[in-house]
Amino acid sequence: MMDKDYIELKKWLDDTRDVPLEAMSGFFDARIDTYEEHMAHWQRHYEWMAELLPDDTKTLLDLGCGTGLELDCIYARFPDLQVTGIDLSEQMLEKLQKKHGDKHICLMLKDYFLWEPTENCFDVVVTFETLHHFPAEKKRLLFEKIYQCLKPKGMYLECDYIATSQQIEDLVFAESARRRAKSNIADDVFVHFDTPLTLEHEMTAIKAANFMSVECVGFLDGDNHTAMIKAIK
């Protein structure tokens, strides 16, 4: 028997089956004027992420930083924090620079999968609602880089959308493959289409990077679709 989440998602996918896929960077550039308003409902999650950072955090890497909505809350707690942000969207980085250009921040216009880490460099690495577009095998390579760039005992925090069942994970990956095939889009081309893993599979991919501990911190406000995961090197 299919659950409510599956039924609702299946209907939405059927209703949008002919909507063309958009390149990842172009998707966000086209929505720069409405992005922050669209993401405002995550405000409590941004605050929660900031609350979870260790008190002695001095250096932080934000992968897929966008316009810095999570950084708004993090800077409120750590105004002198040294931050590196990486994102594919030039317009989003420009908006972030305008907001926090007076802070200790270094921004990189780059595909974070192509980023080469420096070992033992950051106290904390964060990702917020950015990794639910990729398969487990691709994420594992990134998690290894995250592990490498963290200082000993450093923390990785991930807040992201998850599939609430294996049926949903299977459904979205099958639909992604169908849409790519229909439009002749290669597997290595980044497009904006949600393919979240189950919580178990997400945590397994992080654990494979050799973190000392990986735990689901929990969910907020009865939302079982967005998990906060903490990993310690």
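Good morning. Of the 233 residues in this protein, 50% are buried. I should say at once that the model is a predicted one.

Let me begin with the overall fold. The protein contains 9 helices and 7 strands. Its C-alpha atoms occupy a box of roughly 50 × 35 × 35 Å along the principal axes. A compact globule of 233 residues would have a radius of gyration near 17 Å, and the value for this protein, 17 Å, agrees with that. The accessible surface amounts to about 11500 Å², and carbon and sulfur atoms contribute 52% of that area. As for the contacts with a separation of 6 or more, 72% are between residues 24 or more positions apart.

I turn now to helix 4, which spans residues 43–52. Which of its residues are buried? They are His45, Tyr46, Trp48, Met49 and Ala50. An α-helix has 3.6 residues a turn, so residues three or four places apart point the same way. The buried residues of helix 4 pack against one helix and several strands: helix 5 (69–77), strand 4 (122–128), strand 5 (150–161), strand 6 (213–218) and strand 7 (226–232).

Methionine 49 gives a closer view of this packing. The residue belongs to helix 4 and counts as buried because its relative accessibility is 0%, below the 20% limit. Beyond its neighbours up to four places away in sequence, methionine 49 touches Glu70, Val126, Thr127, Phe128, Leu157, Cys159 and Met228. How far in space is methionine 49 from isoleucine 229, given that 180 residues separate them in sequence? The C-alpha to C-alpha distance is 9.9 Å.

The second buried residue I wish to discuss is leucine 60, in strand 1 (residues 59–63). Its relative accessible area is 0%, so leucine 60 is buried. Setting aside neighbours within four places in sequence, its contacts include Leu53, Leu71 and Ile74, and they also include Leu81, Gln82, Val83 and Thr84. Phe122, Val124 and Val126 are likewise among the contacts of leucine 60. A contrasting pair is leucine 60 and aspartate 15: they are 45 residues apart in sequence, and their C-alpha atoms are 40 Å apart in space.

Between helix 4 and strand 1 runs a loop that holds aspartate 55. Is aspartate 55 buried or exposed? It counts as exposed, because its relative accessibility of 68% is over the 50% limit. Outside its neighbours up to four places away in sequence, aspartate 55 touches Arg77 and Phe78. Phenylalanine 78 lies 23 residues from aspartate 55 in sequence, with a C-alpha to C-alpha distance of 8.9 Å.

Next, backbone geometry. Most residues other than glycine have a negative phi. Two asparagines in this model have a positive phi instead. Asparagine 120 has a phi near 55° and sits in the loop between strand 3 (104–109) and strand 4. With 40% relative accessibility, asparagine 120 is partly exposed. Asparagine 210 has a phi of about 80° and is found in the loop between helix 9 (199–207) and strand 6. At 53% relative accessibility, asparagine 210 counts as exposed.

A loop residue may also be buried, as threonine 198 shows. Threonine 198 is placed in the loop between helix 8 and helix 9, and its relative accessible area is 9%, which means that it counts as buried. Leaving out residues up to four places away in sequence, threonine 198 touches Ala163, Ser165, Gln166 and Glu169.

Helix 8 also brings us to the second largest pocket. This pocket encloses about 300 Å³ of space. How many residues line the second largest pocket, and which of them lie nearest its centre? There are 16 lining residues, and those nearest the centre are His133, Pro135, Ser176, Arg180 and Asp187. Helix 8 (residues 166–182) supplies the largest share of the lining, 4 residues. By class, the lining comprises 9 nonpolar, 3 polar and 4 charged residues.

To close, I would return to two places in the model. Methionine 49, at 0% relative accessibility, is buried within helix 4. Aspartate 55, in the loop that follows between helix 4 and strand 1, is exposed at 68%. Thank you for your attention.

Terms used: Residues numbered from 1 in each chain as written. Predicted model: local features only at pLDDT ≥ 70, side-chain atom pairs only at ≥ 80, totals over all residues. Heavy atoms only, no water. 1 Å grid on protein atoms, 1.4 Å probe; cavity = no way out; pocket = protein on both sides within 12 Å on 5 of 7 lines; lining within 4 Å. Points joined across faces, edges and corners; volume = space filled by probe spheres on them. Helix = DSSP H or I, 4+ residues; strand = E, 2+ residues; numbered from the N terminus. Nonpolar A, V, L, I, M, F, W, Y, C, P; charged D, E, K, R; others polar. Rg over C-alpha atoms; globule rule 2.2 N^0.38 Å. Buried < 20%, exposed > 50% of the residue type's maximum accessible area, 1.4 Å probe, protein only. Contact = heavy atoms within 4.5 Å. Areas by Shrake-Rupley, 256 points an atom, 1.4 Å probe, with all protein chains shown as cover.
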